[in-house]
Amino acid sequence: MLRLESASLGFGRRTLWDGLDLSVRPGEFLAVLGPNGSGKTSLLKTILGQQRLDSGRVLLDGGPVHRGDRRIGYIPQQKLVPAGTPMRGRDLVALGVNGHRFGFPVTRKGERERVDELLDSVGATGYADRPVGSLSGGEQQRLRVGQALADDPVLLLCDEPLLSLDLAHQRGVSDLIDRRRREHDTAVLFVTHDVNPVLDKVDRILYLAGGRFREGTPDEVLRSEVLTDLYGSPVDVFRSRGRIVVVGIPDAETHDHHDHHADEHPEAHG
Amino acid sequence: MIDLDTYVQLLGLVQNSIIAGAVLGLVGGLVGVFVMQRDMAFAVHGISELSFAGAAAALLLGANVVAGSLIGSLVAAILIGVLGARARDRNSIIGVLMPAGLGLGILFLALYPGRSANKFSLLTGQIIAVDSPQLAWLIGISIVVLVCLLVIWRPLTFDSLDPEVAAARGVPTRFVALAFMVLLGLIVAVSVQIIGALLVMALLVTPAAAALRVSSSPVLVPVLASVFGFVSAVGGILLAIAGSLPISPYITTISFLIYVVCRLVGGRTRSRRRLAAAV
């Protein structure tokens with residue numbers, strides 16, 4: 001469904017990835033991992049048609065991708081909506097339905113019903129009429145999932161959607177995305193630097209690091225020798241109670257942050 | 001103090017000014033809602049100084065002052081829109097443009113041999129000094145801004161909230177952002193004629209800021225902002241023609257008082273809400 005063919009991208013002298021071949025099936029959950037600056041977000045921008053490849057191509061359903069393709073749903077990094085923004089929960093979702101349309105801002109009946117459906121499907125009906133700026137990060141992120149599902153996307157791109165959410169909301173939001181791909185065969189590309197919250201849902205992993213990449217199931221990729229090879233320095237992967245802890249990554253701050261956070265509540269990962 | 005008959009006669013004379021003020025108040029309030037959401041209060045000020053420079057140049061050259069003011073503010077708005085896509089770039093560009101524009105304007109006025117009242121009015125406004133054909137232009141421009149703003153309302157809202165997602169969802173974000181700058185430039189040029197370059201924010205920022213203190217409804221905020229703008233502009237003109245003081249201080253004072261009241265009312269409902277949440 002989504003195919004990258006010998007795709008390469010770099011900025012200046014730095015190569016993000018080179019000769020990347022990737023094909024994602026409908027309903028597949030692909031986690032994209034890697035340290036900061038490894039080109040995870042650039043990969044999403046490329047698929048969104050906002051970033052040109054140096055070489056190779058990206059195809060969605062056989063055709064090249066283009067800007068503003070409404071078959072793709074996009075869930076951005078958690079950015080809190082400022083308090084006082086004149087917008088309710090339902091208005092955020094409505095932007096996914098008709099926010100791109102020019103013309104007098106009147107919402108049609110069919111669109112209103114669609115917004116209600118979407119609110120219901122992400123469990124946000126209860127706070128749909130509250131100002132977005134007064135909602136918690138987790139509630140706002142549920143609304144963004146609803147917004148991204150507005151046109152029944154065949155592909156869902158998620159850029160660190162769980163960042164700075166507490167564990168209960170991490171689970172809630174990732175369950176929502178997981179249910180969507182199971183019930184509607186939507187492919188999911190899930191960029192994250194901590195795989196643990198979604199480890200039980202991931203089919204495959206694309207690991208980007210140091211201008212290179214490895215792709216395969218979690219068991220194939222998340223191994224000490226694979227990551228040691230990718231990073232070119234000794235990296236250890238430990239498994240403990242169904243969680244994965246990676247130790248020794250050169251740029252370790254981001255990993256430490258989340259692992260530490262997760263360690264305080266091991267039960268949430270069951 | 002003047003008697004009622006004289007007042008009514010005066011009203012007839014300034015009828016067109018009142019209409020222009022009313023339309024500007026309404027449209028300025030709406031534009032202000034986006035000025036606040038896009039964090040562009042400083043841009044409004046920057047555009048108005050270049051608008052002043054354009055108007056002063058036109059005065060010196062004996063050209064149409066409204067046209068000069070339009071050219072100045074469109075140049076500023078487009079420059080800020082193209083060069084200052086990111087907030088930090090934008091503020092530095094405005095910081096550079098503003099004194100340059102104001103300086104040029106003062107130079108043109110210093111060279112202008114005509115009456116000094118005309119000079120002063122560009123900075124602090126004097127709608128009564130604007131003749132009827134020009135007033136018609138001001139009203140026409142305001143209506144064009146209103147219609148265009150309504151047409152781009154939704155994509156502009158999307159872009160103001162989250163430009164990255166808006167782009168991913170098919171909003172032509174660059175076009176929408178630039179279109180808004182052009183509309184802002186147009187309405188600033190109109191405001192410069194009516195309340196003066198230094199006081200433009202009283203109609204383009206204060207009413208929307210006041211509305212946002214008391215509501216976060218996507219319908220109520222624009223409606224209130226328009227009403228506040230309308231009341232400030234029309235109220236200011238009606239009060240001013242009874243006396244001998246200029247119009248602008250009336251408009252800015254009404255608009256400021258509305259803001260103060262909204263702030264007090266909003267502060268009270270907010271703390272009550274917080275209390276309710278804590279219980």
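These notebook entries record what I looked up in a predicted model.

**Entry 1: chain A as a whole**

I began with the secondary structure of chain A and found 8 helices and 12 strands. I then turned to its dimensions. The radius of gyration of chain A is 19 Å, and the globule rule gives 18 Å for 270 residues, so I noted chain A as being as compact as a globular protein of that length. The C-alpha trace of chain A spans about 60 × 45 × 35 Å along its principal axes.

I also looked up burial and contacts. In chain A, 40% of the 270 residues count as buried. When I took the contacts in chain A between residues at least 6 apart in sequence, I found that 65% of them join residues at least 24 apart.

**Entry 2: A:Leu163**

Next I looked up a single residue. I located A:Leu163 in the loop that lies between β7 (155-159) and α5 (167-184) of chain A. Is A:Leu163 buried or exposed? I recorded A:Leu163 as partly exposed, because 17 other C-beta atoms lie within 10 Å, whereas 20 or more would make a residue buried and 12 or fewer would make it exposed.

Leaving aside residues up to four places away in sequence, I found that A:Leu163 touches A:Gln77 and A:Gln78. I also checked A:Lys45, which is 118 residues from A:Leu163 along the chain; the C-alpha atoms of these two residues are separated by 18 Å.

**Entry 3: where chain A touches chain B**

I then examined the contact between the chains, to which chain A contributes 27 residues and chain B contributes 25 residues. On the side of chain A that touches chain B, β6 (72-75) and α2 (89-98) of chain A each supply at least two residues. Of the elements on this side, α2(A) gives the most, with 4 residues. I sorted the residues of this side of chain A into 12 nonpolar, 10 polar and 5 charged.

**Entry 4: two helices of chain B**

Last, I looked up a helix pair in chain B. The axes of helix α2 (residues 15-37) and helix α13 (residues 220-240) of chain B come within 7 Å and cross at roughly 150°. An angle over 145 degrees counts as roughly antiparallel, and I therefore entered α2(B) and α13(B) as roughly antiparallel to each other. Their crossing is right-handed.

I listed the residues that meet: among them are B:Gly21, B:Gly25 and B:Leu26 in α2(B), and B:Ala225, B:Phe228 and B:Gly229 in α13(B). The residues of this contact divide into 14 nonpolar and 9 polar, with no charged residues.

Conventions. Residues numbered from 1 in each chain as written. Chains lettered and ligands numbered in written order. Predicted model: local features only at pLDDT ≥ 70, side-chain atom pairs only at ≥ 80, totals over all residues. Axes fitted to C-alpha atoms, helices over the stretch in contact; angles between N-to-C directions. Parallel < 35°, antiparallel > 145°, perpendicular 65-115°, else oblique. Left-handed = near helix turned anticlockwise from the far one by under 90°. Contact = placed C-beta atoms within 7 Å. Nonpolar A, V, L, I, M, F, W, Y, C, P; charged D, E, K, R; others polar. Rg over C-alpha atoms; globule rule 2.2 N^0.38 Å.
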